[in-house]
Amino acid sequence: MKNTVIRSRLNPKLEVSLISGHFATRHSHNSHYIDITRMKHEHTMAREAAMTLAQRYAYEKGVDTIVCLDGSEVIGAFLAATKHPPRLNRWIFLGAVCVFGTNLLYAVANKLTTAANTIVLQFTAPIFVIVFSLLFWHKRPRRLDLIACAVVFGGVLFFFVDSLEMGGGLGNFLALLSGVSYAGVFLMNDMPDSDALSSVFWGEVLSSVTGLPFLLQETEFPPTAILSLVVLGVFQVALAYILLAIGLKTTPPVMASLVSGIEPVLNPILVAVFYQEYMGPFALIGAAVVIVGVVGYNVIQARQTAKSHS
């Protein structure tokens, strides 16, 4: 009998064995047997299979559209409540394109490569913030910024080292582009005649409009799923972007992008706390590096600022 291993194109860690021979049952005679024993009974393989199957549903454009629609409504309500009418000019539109690009590229990249690859490549954003600040605003990065950027990015990389995969070239490229557009989000307030809140609002509107054709193709809308998406739209998108836009008024882009490094490691930490899915040693070390790097950067920055004012 010949044993052939077949690996998934989406996840090389996921494999089944194809055994050729003569296999007889009471109802049939087969020339091949597909062995999925490892996938059913081995924890690591079963986890990889579940994650690969979940990716198909977690980042559907219809789902993103509902989240963005909720985000647009909440941000629009906030603008109305604060008597802040949304403005629009070429710089605000550029910021909106960055928000839209971050939403779209991240979602599409997740369909074409692993979630770990997408997260790590999107977190190249602080590097692009430094590069764009130097090219377009002629702001030379400080040594502290460069060291903090290397430490935090290294921590994120170490956090996901067990899940990173080769392949998925197009997905990896789109994930890297999402890092470029994410850098533009942090630079919205540095653009001339800018308005970060208006950029965020129009970016969510653009995401909603482009996603409507995909949403109209959906046929099932379970109440639990809709409620979950509403919560995501209100808190994960709308409230997060509102707080980011307000914070960018007083926080430098490099610092803001580095602080955002806590987000990708906080998600698995919360899962570990509430669902007892514990992280491996590399992930724990990476999380510690990110948190210590971000906190240390802010503490040193605050001391340097206080010293310069004294």
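**Salt bridges in the predicted model**

The side chains of Arg142 and Asp145 come together in a salt bridge, with 3.0 Å from N to O. This comes from a predicted model, and the count of such contacts here is 3 salt bridges. How open to the surroundings are these two partners? Arg142 is partly exposed, at 33% relative accessible area. Asp145, on the other hand, has just 8% relative accessibility, so it falls under the 20% cut-off and counts as buried.

Next up is the contact between Asp193 and Arg87, a salt bridge with an N to O distance of 2.6 Å. The pair ties together distant parts of the chain, with their positions 106 residues apart. Asp193 sits in the loop between α8 (169-186) and α9 (196-215), while Arg87 belongs to the loop between α3 (61-81) and α4 (90-112). Asp193 counts as exposed because its relative accessibility, 51%, is over the 50% cut-off. Arg87, at 33%, is partly exposed.

That leaves Asp190 and Lys139, whose side chains meet in a salt bridge at 3.1 Å, again taken from N to O. Here too, distant parts of the chain are linked, the two residues being 51 residues apart. Asp190 lies in the loop between α8 and α9, and Lys139 in the loop between α6 (125-136) and α7 (143-159). As for accessibility, Asp190 has a relative accessible area of 22% and is partly exposed. Lys139 reaches 42%, which also makes this residue partly exposed.

Notes:
Residues numbered from 1 in each chain as written. Predicted model: local features only at pLDDT ≥ 70, side-chain atom pairs only at ≥ 80, totals over all residues. Heavy atoms only, no water. Salt bridge = Lys/Arg side-chain N within 4 Å of Asp/Glu carboxyl O. Helix = DSSP H or I, 4+ residues; strand = E, 2+ residues; numbered from the N terminus. Buried < 20%, exposed > 50% of the residue type's maximum accessible area, 1.4 Å probe, protein only.
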